[in-house]
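User: Hello! I am new to this structure and would like to learn why its parts get the labels they do. Could you take me through it?

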Amino acid sequence: MRVIDQLKATQGHTAFSFEILPPLKGNDITRVYSIIDKLREFDPKYINITSHHSEVQYQEMPDGSYIKKKIRKRPGSVAIASAIQNKYGITAVPHIICKGFTRDETEYALIDLNFLGVHDLLLLQGDAKGPDKSADPTKINQHATDLQQQVNDFNRGIYADGETFEANATPFSYGMACYPEKHESAPNMESDIRYARMKVEQGASYLVTQMFFDNQKYYDFVTRCRAEGITVPIIPGIKPIVLRNQLNVLPRVFRTDIPEPFAIELARCSTDEQAKETGIEWSIAQCRDLIAHGVPSIHFYTLMATDSVRRIAKEIY
Ligand SMILES: NC(=O)C1=CN([C@@H]2O[C@H](COP(=O)(O)OP(=O)(O)OC[C@H]3O[C@@H](n4cnc5c(N)ncnc54)[C@H](O)[C@@H]3O)[C@@H](O)[C@H]2O)C=CC1
Ligand SMILES: Nc1nc(=O)c2c([nH]1)NC[C@@H]1CN(c3ccc(C(=O)N[C@@H](CCC(=O)O)C(=O)O)cc3)CN21
């Protein structure tokens, strides 16, 4: 069932979903299955699979010179999405990103996903991992809204080069990202919400938030979006903190505030194990409050935090 239909079918119960990363190149899919097996009992309505483009790295040669290498550390999002759907019968949502992929490459991924019966996507800009000077910007989608146009065109039977084909009987549906604390490159919140509204007007059936640790920021953001005419579900994204240094890393990398009481508790932790326990408690409190506010679903970012997500889910579902 499509994500949006899953969200509509919750009948007042907050649904559970989570996001996984493809294994590092060289590892097999059993790593993915072991995460899903740990979280399956909480009835995930859908599972997101992140997408990672290649990164440019310089490798030192024996003679002291360097060669430039493009390395894709975590390939396989399309295949993993299909494998999950077939093995578990759970809706898989592969991420499709702009950065690092030409429109042609994206088109081939859409064609493969269509053949595989994976019809839910999350459309994102993606993070730039070092400048790739060989990439031709005219061949790459710049913003998530450009990628969205490509998917909409594909749904209508128009390829990236303008050629037409008989549109697929089963079009893609998709969600997109939003930022309760503003995206780092947005000049102001108004502009960020304007683009969020554009995403919805042009076809996003729901929005999922960047991680946040202060629910009030999420509630205020939802109120503002509703006032701006955004009516689709806005799914809160929750990241359990598992490391002491995330107190400083997450605000720097994701521009998300850690509220003072939580920051004080984390600063008091002398081991990562204590930070993990503190993170679990904070997420449980956050989720209980979100559920009390009737959110349709909570989406968990599981990276390094599968055990935490399991313990949180046990408490709240
Ligand atoms: N679930 C997930 O995995 C999530 C991932 N992210 C990540 O956050 C990053 C940003 O992704 P998106 O939000 O998809 O990027 P985006 O392209 O929608 O937005 C990036 C910035 O550009 C602005 N913007 C959007 N469309 C524009 C347009 N047509 N013209 C000018 N400005 C425009 C936005 O307001 C924002 O400031 C990515 O790295 C993504 O992977 C963020 C939240 C959740
Ligand atoms: N900008 C952005 N990119 C993403 O890939 C992304 C988001 N936002 N938000 C939602 C989810 C959550 N994601 C993530 C990704 C990494 C960590 C993480 O824990 N990273 C490491 C290193 C961070 C760094 O230094 O780059 C950490 O120790 O915190 C957490 C959540 C992936 N997704």
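Analyst: Happily! Let us start with Asp43, which sits in the loop between α2 (30–39) and β2 (44–49). Please keep in mind that this is a predicted model.

User: Why is Asp43 called partly exposed?

Analyst: Asp43 has 13 C-beta neighbours inside 10 Å. A residue is exposed with 12 or fewer and buried with 20 or more, so Asp43, with its 13, counts as partly exposed.

User: What makes the phi of Asp43 worth a remark?

Analyst: Phi of Asp43 is positive, at about 60 degrees, although Asp43 is not a glycine. Gln11 also has a positive phi, near 50 degrees, and is a residue other than glycine.

User: Where is Gln11, and is Gln11 buried or exposed?

Analyst: Gln11 lies in the loop between α1 (3–8) and β1 (15–20). Gln11 has 5 other C-beta atoms within 10 Å. The limit for exposed is 12 or fewer, so Gln11 is exposed.

User: How do you know which label Ala227 gets?

Analyst: The same kind of count settles it. Ala227 belongs to helix α7 (residues 215–227). With 9 other C-beta atoms within 10 Å, Ala227 is exposed, because the cut-off is 12 or fewer. As for distance, its C-alpha atom is separated by 17 Å from that of Lys182, 45 residues apart along the chain.

User: And what is the label for Ser205?

Analyst: Ser205 is found in the loop between α6 (189–201) and β8 (206–209). Ser205 has 18 other C-beta atoms within 10 Å. Buried would need 20 or more, and exposed would need 12 or fewer, so Ser205 is partly exposed.

User: Which residues does Ser205 touch, leaving out those up to four places away in sequence?

Analyst: Ser205 touches Ile4, Ser173, Tyr174, Gly175 and Val232. Pro75 is another matter: the C-alpha atoms of Ser205 and Pro75 are separated by 27 Å, and the two residues are 130 apart along the chain.

User: Let us turn to helices. Why is α4 called oblique to α5?

Analyst: The axes of helix α4 (residues 103–116) and helix α5 (residues 144–156) come within 11 Å and cross at roughly 45 degrees. Roughly parallel needs an angle under 35 degrees, and roughly perpendicular starts at 65, so α4 is oblique to α5. On the α4 side the contact is made by Arg103, Thr106, Glu107 and Leu110, and on the α5 side by Leu147, Gln150, Val151 and Phe154. Sorted by class, these are 4 nonpolar, 2 polar and 2 charged residues. The crossing itself is right-handed.

User: What makes α2 and α11 roughly parallel?

Analyst: Their axes come within 9 Å and cross at roughly 15 degrees. Angles under 35 degrees count as roughly parallel, so that is the label for α2 and α11. Here Ile35, Lys38 and Leu39 of α2 meet Thr306, Val309, Arg310 and Ala313 of α11. The contact divides into 4 nonpolar, 1 polar and 2 charged residues. This crossing is right-handed.

User: How do you know the label for α10 and α11?

Analyst: Helix α10 (residues 272–292) and helix α11 (residues 306–316) pack at an angle of about 40 degrees, with axes 9 Å apart. Since roughly parallel ends at 35 degrees and roughly perpendicular begins at 65, α10 and α11 are oblique to each other. Among the residues in contact are Ile280, Ile284 and Cys287 of α10 and Arg311, Ile312 and Glu315 of α11. By class, the contact has 6 nonpolar, 3 polar and 4 charged residues.

User: What surrounds ligand 1?

Analyst: Ligand 1 has 18 residues around it, the closest being Gln125, His143, Ala144, His183 and Ala186. Two or more residues each come from α5 and α6, and α6 gives the most, with 3. The shell has 6 nonpolar, 10 polar and 2 charged residues.

User: And which residues come nearest to ligand 2?

Analyst: Of the 14 residues around ligand 2, the nearest are Gln246, Val249, Val253, Tyr301 and Leu303. Helix α8 (residues 246–254) gives the most to this shell, with 5 residues. By class, the shell divides into 9 nonpolar, 3 polar and 2 charged residues.

Definitions and conventions
Residues are numbered from 1 along each chain as its sequence is written. Chains are lettered from A and ligands numbered from 1 in the order in which they are written. This is a predicted model: local features need pLDDT of at least 70, side-chain atom pairs count only at pLDDT 80 or more; totals for chains, interfaces and linings use all residues. A residue is near a molecule or strand if its C-beta atom, placed from the backbone, lies within 6 Å of it. Helices (H or I, at least four residues) and strands (E, at least two) are DSSP runs, numbered from the N terminus. Ala, Val, Leu, Ile, Met, Phe, Trp, Tyr, Cys and Pro count as nonpolar, Asp, Glu, Lys and Arg as charged, and the others, Gly among them, as polar. Two residues are in contact if their C-beta atoms, placed from the backbone, lie within 7 Å. Axes are lines fitted to C-alpha atoms, for helices over the stretch in contact, and angles run from 0 to 180 degrees between N-to-C directions. Angles under 35 degrees count as roughly parallel, over 145 as roughly antiparallel, 65 to 115 as roughly perpendicular and the rest as oblique. A crossing is left-handed if the near helix is turned anticlockwise from the far one by less than a right angle, and right-handed if clockwise.
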